[in-house]
Amino acid sequence: MSGDERYVVGVDFGTLSGRAVVVRVRDGAELGDGVHEYGHGVIDERLPSGAGLPPDWALQSPEDWLDVLRLAVPKALAVAGVPASRVIGIGTDFTACTVLPAAADGTPLCERHPDRPHAWPKLWKHHAAQPQADRINALAAERGEPWLGRYGGKISSEWQFAKALQVLEQDPELYAEADRWIEAADWIIWRLTGTESRNTCTAGYKGIHQDGRYPSREYLADLHPDFADVTDKLGHDLAPLGGLAGTLTAQAAGWTGLPAGIAVAVGNVDAHVTAAAADAVRPGQMVAIMGTSTCHVMSSDRLAEVPGMCGVVADGIVPGLWGYEAGQSGVGDIFGWFVDNCVPAYYNQVAASEGRTVHEHLTALAEAQPVGRHGLVALDWHNGNRSVLVDHDLSGLIVGQTLATKPEDVYRALIEATAFGARMIVETFEAAGVAVEEFVVAGGLMKNAFLMQVYADVLRRPLSVIGSSQGPALGSAIHAAVAAGAYPDITSAAAKMGRRVPNAYIPDGHRADAYDDLYEIYRTLHDHFADGEIMHRLRALR
């Protein structure tokens, strides 16, 4: 180990755990990592105090996030075996929109009011604010709000304004007490630096910040008279991605084992920061981060309004380009739901006898089938639809089941459904004039070679894959290197520290032709159920 090597640390705060990675600055080599599983996990049934939660809620605990700093970062340093004195910066990323009410000094209100559900951070997949999102969208369309087109015509119930309006309407006293309504991505930076900051990414994609401003006070007051002040809780001075948010405080140095005073990069979102890790920050490179859900991000030199997108934001992924975001609310979560609830016990027994997981066993059985043999088509809406319909009250559907249908048939149909959903997103981009020139896959699902081949065949295009299993953490480390001054910008840092394998999966023409027929059926079902009339009625019965 050279005595003049420099290192950075990237920390990825996910849905169930946080991961820290120690990375060498000159080439992006990942030298050690540490993982901390959240003690509270996803809080979706009961608060830690025992109070029950309604359906569609999903919360987290800030203490779990701080434990990642206390436990995962020191572990990563120990595994890497590098001296902490050679670390020059730290960067972080978060799920989004994961947002919390806090006091003026950053204290989460759940510390003051542990028995009040709205005092806790709302995780990205908190979908209980759909009625508020519907009203936000309807009023914006009625008033002709200029920002609505930048979000494909609808904003999501997952985002800052819908969740904040839910707090106001269901716990107005707590809403009034909240001096800050802040993304977890910015809150953790506040804990590291002692200084509050707000990043361009979450403000643009999740906070409806466009062309230097938030929605007008007049519009917000029309939603609710007491909602006009919500932007005062958000912060107006936005920090650029790759920028220096501040330096590590003595307290945070004690948590992490890192030197006080090192650079702390501006906060970011897990999906968007992964583009740097894949060295995919140039126009036309779409990165699909595939895990429990999928987020699609892409930079472009062209501004267009793409129907049903999560947003297009200036400088939203890298400064100087327009950053686009789309997504699917459920992917790996759908496969997990099926395995946990719909697979007979003997499948588990067979899988165990072969030394495989049930997912691996079902994958092998599904892979042996020719395209279409199962006679099924599914809609991948088990967790709602993020793009292109932006309706989290939609639900899953499987058509074609008979008494001969087997679990591996359904499992394959669910994989195909998520691929069809991805094709819908790509086609919507290109129909709007935003070319997708390369499709790059990151995230945990890229380990499933069968699933990757299905996507290549359905999309009728090669798939590139990221060259790291720690995409978000590596991306955060790259941002840390830029914030520390080791590179002049994200693009040059990504070229040295990021990596991907081009054309890792090539579509098979025969299978692609067969999938075109199934995709046509998927499109028919998609369009038929898109208005939500039937699925909303069923959800109301819950």
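**Cavities, sheets and backbone geometry of the predicted model**

The residues that line the largest cavity fall into four nonpolar, three polar and three charged ones. The structure described here is a predicted model, and in it four cavities of 30 Å³ or more are found. The largest cavity encloses about 50 Å³ of space, and its lining consists of Q160, E183, D186, R198, N199, T202, A203, Y214, L234 and L238. Two elements, strand 7 (198-199) and helix 7 (200-206), each contribute at least two residues to this lining. In general, empty space of this kind is located by rolling a probe the size of a water molecule over the atoms.

Open space was considered next. The second largest pocket holds about 730 Å³ of space; its lining comprises 24 residues, of which D44, K125, D333, H382 and N383 are the closest to the centre of the pocket. By class, the lining of this pocket is made up of seven nonpolar, ten polar and seven charged residues. The element that gives the most to the lining of the second largest pocket is helix 11 (residues 332-342), from which three residues are drawn.

Two open sheets are described in turn. Strands of a sheet pair through backbone hydrogen bonds, and the pairing may be parallel or antiparallel. One open sheet is formed by six strands in the order 3-2-1-4-10-9, with mixed pairing. Its edges are strand 3 (30-37) and strand 9 (244-247), each of which pairs on one side only, and from one strand to the next the twist averages 20 degrees. At one end of this order, strand 9 pairs with strand 10 (residues 263-265) in the antiparallel sense, over three bridges; T247 has A263 of strand 10 as its bridge partner. Helix 1 (residues 62-80) packs on the sheet, where it touches strand 1 (7-13), strand 2 (17-24), strand 3 and strand 4 (87-94), and the direction of helix 1 makes about 150 degrees with that of strand 3.

The other open sheet is built from seven strands in the order 13-14-12-11-17-18-19, and here too the pairing is mixed. Strand 13 (311-314) and strand 19 (500-505) are the edge strands, each pairing on one side only, while the twist from one strand to the next averages 25 degrees. Within this order, strand 11 (residues 285-290) and strand 12 (residues 294-300) pair in the antiparallel sense over five bridges, and M286 has as its bridge partner M298 in strand 12.

The packing of one pair of helices was also examined. Two packed helices are described by the angle between their axes and by the distance between those axes. For helix 13 (residues 358-367) and helix 14 (residues 407-431), the packing angle is about 85 degrees and the axes lie 9 Å apart. Since an angle from 65 to 115 degrees counts as roughly perpendicular, helix 13 is therefore roughly perpendicular to helix 14. On the side of helix 13 the contact involves H359, L362, T363, L365, A366 and E367, which meet P407, E408, Y411 and R412 of helix 14. Sorted by class, the residues in this contact of helix 13 with helix 14 are five nonpolar, two polar and three charged.

Some features of the backbone remain to be reported. Most peptide bonds are trans, and most residues other than glycine have a negative phi. The peptide bond from A96 to C97 is cis, with an omega near 10 degrees, and C97 is placed in the loop between strand 4 and strand 5 (99-102). Another cis peptide bond joins S387 and V388, with omega at about 20 degrees; V388 is found in the loop between strand 15 (377-379) and strand 16 (397-399). V390, which is not a glycine, has a positive phi of about 55 degrees, and V390 likewise lies in the loop between strand 15 and strand 16.

Methods: Residues numbered from 1 in each chain as written. Predicted model: local features only at pLDDT ≥ 70, side-chain atom pairs only at ≥ 80, totals over all residues. Heavy atoms only, no water. 1 Å grid on protein atoms, 1.4 Å probe; cavity = no way out; pocket = protein on both sides within 12 Å on 5 of 7 lines; lining within 4 Å. Points joined across faces, edges and corners; volume = space filled by probe spheres on them. Helix = DSSP H or I, 4+ residues; strand = E, 2+ residues; numbered from the N terminus. Nonpolar A, V, L, I, M, F, W, Y, C, P; charged D, E, K, R; others polar. Axes fitted to C-alpha atoms, helices over the stretch in contact; angles between N-to-C directions. Parallel < 35°, antiparallel > 145°, perpendicular 65-115°, else oblique. Contact = heavy atoms within 4.5 Å. Pairing = 2+ DSSP bridges.
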